[in-house]
Amino acid sequence: MAEAIVSFVTGKLSDLLIEEVVSLYEVHGQVDSIDRELTRIQCFLKDADVKQKGDERVKNWVRDIRDVAYDAEDVIDIFISKLRSRPKKPGFIGFIKRSRFFFSDLEARHKLAKEIQSIKIRIHEISTSRVTYGIENIGGERGSYACDRLIERRRSSPHIDDHDIIGFNEDIKMLVMRLLDQKTPRRSVISIVGMGGLGKTTLAKKVYNCNDVKRHFDVCAWVYVSQEYSGRELLNEIGKKVLMIEKGILASMNRDDLEEKLSRVLSKKRYVIVMDDIWNIEAWDDLKAIFPDVMNGSRVLFTTRNRDVAIHGDPRSPIHELRFLNDAESWKLFTKKAFLEEGDSIACPPELEGLGKQIVAKCGGLPLAVVILGGLLSRKEKAPGVWLRVLRSVDWQLTHDPKQLMEILALSYNDLPYYLKPCFLYFGLFPEDSEIQVGKLILLWIAEGFVRQRGQESMEDVAEDFLEELVDRSMIQVAAKRHNGKIKTCRIHDLLRDLALSEAKECKFLQILENINFCPSMTSTRRIAVHTTLETYMHFRQSNSHLRSMLCFSRYDEFHRRDQWTSLFRSHKLLRVVDLEGVTAHVLPKEMRELIHLRYLGLKNTKLQRIPFSIDNLRNLQTLDIRGTKISRVPNEIWKMQSIRHLYLHKTAITGNPPAYVSSMNLATLSTVSIYGNIWIPNFFGKLTSLRKLGIHGCFGSQAEALSKSLLKLINLENFSLIGTDPILEPTLRLILSLFNIHKLYLSGPIEKLPEPQHIQPNLSKLSLKMSQLVHDPFTTLERLPNLRMLKLLSNSFSGRKMVCSSDGFPRLYILELQDLDNLEEWRVEEGALPSLRRLIISGCEELKMLPEGLQYVTSLKELVVEDMPETFVDRIEQDNGDDWNKIQHIPSIVRM
């Protein structure tokens, strides 16, 4: 990790030498000298992170380098903060104020020169101390992905379900049999028990996704519990999946009412609920009341490391104890991972087989260890010398002590290239077992400075590559994917998170505040994540002038006074990332404008009422998220911010007259901005040529021509939303649908008629229509779009009575949603239509009589969701007895709500 820290600091110093030539002119040479010396030292750090684990001399040397690099960063950042806090007012008064700061500037420069000289001396001493320590030969080549390899693999790493499940066949059969056992009508709890890394969750997923299981149960839901569970959060998660209610509505419901509703709904269904990673009996006691026993064969499936939890859950139910893999199974799994070849025949070269089997033997039959080591060797040269070095580094005996497993996990961490190490450690900030939004994660990485420009690629694309590589290295798991195959959410296994926390704390990278009654020392850490309440952190009032990031994952409603916010920001002026999502903050203190290093400001769902005019003082701000706040207007000072790249609004207007000069030319996201009362905005959009995502809300009819002209200039626009009540006239519609760069489109507003297919550009992959009031069947046009992957026809988008999917129509459609089409009575699907459809959602179409006959030919369909449909419709899809059952009996998952 020291290599990553030094690389980050040297990159930052290089940028400062370019950006702050005038400010640093007196010490420019010294700063440049530090930059060059740290760069030279960096080449010795490639091997040091691994070697320090077994050599105290190396560990001390690495620690000294890390600390001096951190100190160099602090010195420069503090100096820049002081310079940029000078008054900028024009005129005589401004002159007087600037004169007052002249001598303090001289003093700051003199202090900076002394501190830089001190750092130079320390760096020189550290550099020469390698000889003293006897570690002058640190260095050497390492096996890792190079940056050019990332470029080659750009957008070409498909993530599919892992079929390499070895040794679980009998477990799967036994568990499926127990889940479907009609001789046990009572609601029983079946527990999979075993140590971490044995594959409990993998086995549970395989059973849960079994076609027979999906068909047998009316309701299937999966919830992650974890050690630090919240009963209310688990209730909301179950409610979301069982009741299909949005999180916001669930959060506003009284707990007793929610429990009663869940119990009532589940009492009418045969359900299977998986409670993954349950650690203590209290978690089950908190929730078991919502799982009624009506003697219909419902099941709850636990995965746990604790036998006591399993016995407490159901004393009458035998525990399913997971075994270790035998030698043959371990070798088979290892070869599948180490030799990435298609087909069942995967041969290990004879010269590697002996070494490979010795490596596998070290894993002791633990699937997680086998997968990690197999993945590790898949990226290394297939040579005996390389494998021998790996064998010698796997110096452990596997026991039930989880620390032994950490040594195995650390092998993959140590093999990460330096630019991925901080990205991996960053996952330690997030709560255990949480699904992490990839879009947000990427912006946080960029704000932290983990991602550097790479050629002509955007930093967002580079960061996405970094995540792809972590997934490929089996360090991070894909939780959900988008229609285009990109990762939507991800998670980190709890064991790997433990590893990340252990490594991160050792190098002062981050720390977690998770105990409301105790706050560990945080005076030197660079990042904190608050998992209890921000009030707890404020209460202990620890001074930390080094703090760069503060992320809040508060589980409680809390309100803070203005003086508390003032104190917080006044004492942390070097912050680069502030994420207060969910923390109530009606007004930001004026001290916020002093956070001139701030790159990410997350204020989502904070109930904030206004943004101050001094927002433009945050000259480095890249991302501002004010979704879910009470802010209706943003000052047009926002356009003066040179670094702003992502502006997340919620139907928010930007006030004032159009600026004469636009600084925010790198803006990539502007969504959703209101054009009510802003006649100038449509003309202005054309200047924002870097926009990739744009959302517009308001009455755009009178400004349609200006808007159209601006859209033609947005050559990088990929995602466009137009929301309003004005009709979307044919010229505007034809223009929007002809823009080749747009892949994702959301249109809300009356549309007289869709253009002919030949007038719609072929790259459109996701289309959502709402309130379109189309009279003619939209399928006639849309089914001919060659690359359409997701189609949502939402509230009153079609007012006709009949829709037809023709043979060969929708060749690549993956997801289809029909919602609240009030007049739809008949839907016909011809044989050969929808050949790629995987998920179908039908909701609130009250006049629809039945499912189309042709659905039986859509063999690709994996999930059907029927929600808020008439009882007569639901009766027709009843298993075995319904009139439409023969049309859908091939679908593994059918959800009826």
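# Pairing, packing and burial, explained

Author: Let's begin at one spot: the bridge partner of His646 in E17 is Thr669. This is a predicted model, in which local features need pLDDT of at least 70 and side-chain atom pairs count only at pLDDT 80 or more, while totals for chains, interfaces and linings use all residues. Residues are numbered from 1 along each chain as its sequence is written, and side-chain values use heavy atoms, with hydrogens and water left out.

Reader: How many bridges join E16 to strand E17 (residues 669-674)?

Author: There are 5, and the strands run parallel. Two strands pair if DSSP finds at least two bridges between them, so E16 and E17 qualify.

Reader: And over how many bridges do strand E15 (residues 633-634) and E16 pair?

Author: They pair over 2 bridges, again in the parallel sense. Here Val634 has Ile654 in E16 as its bridge partner. Strand E14 (residues 623-625) is joined to E16 by 3 bridges, also running parallel, and Leu624 stands opposite Leu647.

Reader: Why is strand E16 (residues 646-654) called largely enclosed by the rest of the structure?

Author: Because 7 of its 9 residues are buried (buried means under 20% relative accessible area, exposed over 50% and partly exposed in between, with a 1.4 Å probe and protein chains only). In the protein, buried residues make up 57% of the 897 residues.

Reader: How many helices and strands does the protein have?

Author: It has 32 helices and 28 strands (DSSP runs numbered from the N terminus: H or I of at least four residues for helices, E of at least two for strands). Of the strands, 5 form an open sheet with parallel pairing, in the order E2-E3-E4-E1-E5.

Reader: What makes strand E2 (219-224) and strand E5 (320-321) the edge strands?

Author: Each of them pairs on one side only. Elsewhere in that sheet, strand E3 (residues 271-276) is joined to strand E4 (residues 299-304) by 4 bridges, and Ile273 has Val300 in E4 as its bridge partner.

Reader: Now the helices. Why is H28 called roughly parallel to H29?

Author: The axes of helix H28 (residues 704-713) and helix H29 (residues 730-738) come within 10 Å and cross at roughly 15 degrees. That angle makes the two roughly parallel (under 35 degrees is roughly parallel, over 145 roughly antiparallel, 65 to 115 roughly perpendicular and the rest oblique). Axes are lines fitted to C-alpha atoms, for helices over the stretch in contact, with angles from 0 to 180 degrees between N-to-C directions.

Reader: Which residues of H28 meet H29?

Author: Ala704, Ser708, Leu711 and Leu712 meet Thr732, Leu735 and Ile736 (contact means heavy atoms within 4.5 Å). By class, this contact has 5 nonpolar, 2 polar and no charged residues (Ala, Val, Leu, Ile, Met, Phe, Trp, Tyr, Cys and Pro are nonpolar; Asp, Glu, Lys and Arg are charged; the others, Gly among them, are polar).

Reader: What makes H16 roughly perpendicular to H17?

Author: Helix H16 (residues 327-338) and helix H17 (residues 350-363) pack at about 115 degrees, with axes 10 Å apart. That angle is why H16 counts as roughly perpendicular to H17. In this pair, Ser330, Trp331 and Phe334 of H16 meet Glu353, Gly356, Lys357, Ile359 and Val360 of H17. The classes there are 4 nonpolar, 2 polar and 2 charged residues.
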